Amino acid sequence: MKVVIVHGQNHKGSTYNIAKIIAGKIAENDDIKEFFLPNDFYDFCCGCTQCFEKSEKLCPHYEKLNVITEKIDEAGVIILASPVYVYHCTGAMKAWLDHYGWRWLVHRPEEKMFSKQAVVISTAAGAGMKSANKDMKDSLSFWGIPKIYSIGIAVKAVSWNQVSSSVKEKIERKTDRIAKIIKKSGIKRRVGFKGRILFNAMSMLNRKGGMNPADCEYWKSKGWTEGKKPWKVR
């Protein structure tokens with residue numbers, strides 16, 4: 001199983017180490033691809049709306065973004081990892097996620113997402129993991145990913161070397177549990193009720209003309225306006 005990790009920071013602290021731990025429990029090193037923000041992508045969305053109204057390829061940052069996009073599409077598991085910055089994910093992570101608005105279910109979702117699993121990871125010396133993870137989980141959910149696991153750890157330290165053995169034992173237990181579930185379920189995850197409702201609503205909307213011609217044409221080309229689903233119907 002291929003895994004891609006997108007780190008919301010360049011340094012290799014607690015969040016980085018937890019992401020590496022769980023990735024190593026899911027896949028072999030050769031099947032793990034990592035990106036570091038902002039080193040590997042540092043642009044801010046400029047709000048030109050070209051991705052929504054016409055094509056994502058018209059985004060001024062498309063070529064750099066697509067390097068990461070291709071690896072995300074190839075992976076069976078996506079890991080987004082960000083330390084808590086003022087109760088949220090890092091600005092670099094948010095800036096990168098902003099570039100995928102066109103991939104949300106309300107626009108032009110990638111059908112491969114409906115068979116993937118994901119993990120969001122955040123750490124802080126104190127608190128804020130829930131809201132930081134929600135920042136990342138919101139995007140993954142609206143991409144269409146049916147199962148997203150959350151790991152939020154109060155490490156009570158500012159470096160990985162300072163993290164206590166008891167906290168590291170907790171991390172091992174939590175990553176063990178989630179990795180086992182991911183490996184056991186593989187790509188058999190069922191799209192949830194919320195995802196199906198939103199998908200069906202957008203199918204109806206695009207059947208009637210959609211929010212813009214680009215979205216409407218995309219949904220029709222996939223056969224999604226005529227009852228076809230991007231997942232196995234059970």
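This is a conversation between a trainee and a mentor about how the terms used for this predicted model are earned.

Mentor: A word on ground rules: the model is predicted, so local features need pLDDT of at least 70 and side-chain atom pairs count only at pLDDT 80 or more, while totals for chains, interfaces and linings use all residues. Residues are numbered from 1 along each chain as its sequence is written, and side-chain values use heavy atoms, with hydrogens and water left out.

Trainee: Happy with that. What makes a stretch of the protein chain count as a helix or a strand?

Mentor: Both are DSSP runs numbered from the N terminus: a helix is H or I over at least four residues, a strand is E over at least two. The protein chain has eight helices and five strands, and from the N terminus their order is β-α-β-α-α-β-α-β-α-β-α-α-α.

Trainee: Why is the protein chain called as compact as a globular protein of its length?

Mentor: Take the radius of gyration over C-alpha atoms and set it against the globule rule, 2.2 Å times the number of residues to the power 0.38. For 234 residues the rule gives 17 Å and the protein chain has 18 Å, which is close, so the description fits. Along the principal axes, the C-alpha atoms fill a box of roughly 60 × 40 × 30 Å.

Trainee: Why is Thr69 called buried?

Mentor: Buried means under 20% relative accessible area, exposed over 50%, and partly exposed in between, with a 1.4 Å probe and protein chains only. Thr69 has 4%, so Thr69 counts as buried. Thr69 lies in helix H3 (residues 62-74). Across the protein chain, buried residues make up 51% of the 234 residues.

Trainee: What is Thr69 in contact with, leaving aside its neighbours within four places in sequence?

Mentor: Contact means heavy atoms within 4.5 Å, and Thr69 meets that with Tyr100 and Arg103. For the protein chain, among contacts between residues at least 6 apart in sequence, 78% join residues at least 24 apart.

Trainee: Tyr100 catches my eye. Why is the pair of Trp96 and Tyr100 called edge-to-face?

Mentor: Rings of Phe, Tyr and Trp (its six-membered ring) pair if their centres lie within 6.5 Å; planes under 30 degrees apart are stacked, over 60 edge-to-face, and the rest tilted. By this rule there are 13 aromatic pairs. Trp96 and Tyr100 lie 5.2 Å centre to centre with 80° between the planes, an edge-to-face pair. Tyr100 and Trp143 are edge-to-face too, at 5.2 Å and 65°.

Trainee: What makes the pair of Tyr100 and Trp143 a tie between parts of the chain?

Mentor: Tyr100 lies in the loop between helix H4 (91-98) and strand E4 (117-124), and Trp143 in helix H5 (residues 129-143), so the pair ties together parts 43 residues apart in sequence. Tyr100 and Trp143 are both buried, and Trp96 is buried as well.

Trainee: Which residues do ring pairs link into a cluster?

Mentor: That cluster holds Phe114, Phe199, Tyr218, Trp219, Trp224 and Trp231.

Trainee: Let's turn to the backbone. What makes Thr49 and Lys156 worth pointing out?

Mentor: Most residues other than glycine have a negative phi, and most peptide bonds are trans. Thr49 is not a glycine, yet has a positive phi of about 65°; Lys156 has one near 55°. Thr49 lies in the loop between E2 and H2, and Lys156 in the loop between strand E5 (147-154) and helix H6 (165-185).

Trainee: How do you know whether Thr49 is buried or partly exposed?

Mentor: Thr49 has 33% relative accessibility, so it is partly exposed. Lys156, at 67%, counts as exposed.

Trainee: Which peptide bond is cis?

Mentor: The bond from Leu37 to Pro38 is cis, with omega near 10°. Pro38 lies in the loop between strand E2 (32-36) and helix H2 (50-53).

Trainee: Where does His11 lie, and why is it called partly exposed?

Mentor: His11 is in the loop between strand E1 (3-7) and helix H1 (14-26). Its relative accessibility is 44%, so His11 counts as partly exposed. His11 and Leu37 are 26 residues apart in sequence and 9.5 Å apart in space, C-alpha to C-alpha. Leaving aside neighbours within four places in sequence, His11 is in contact with Tyr16 and Tyr85.
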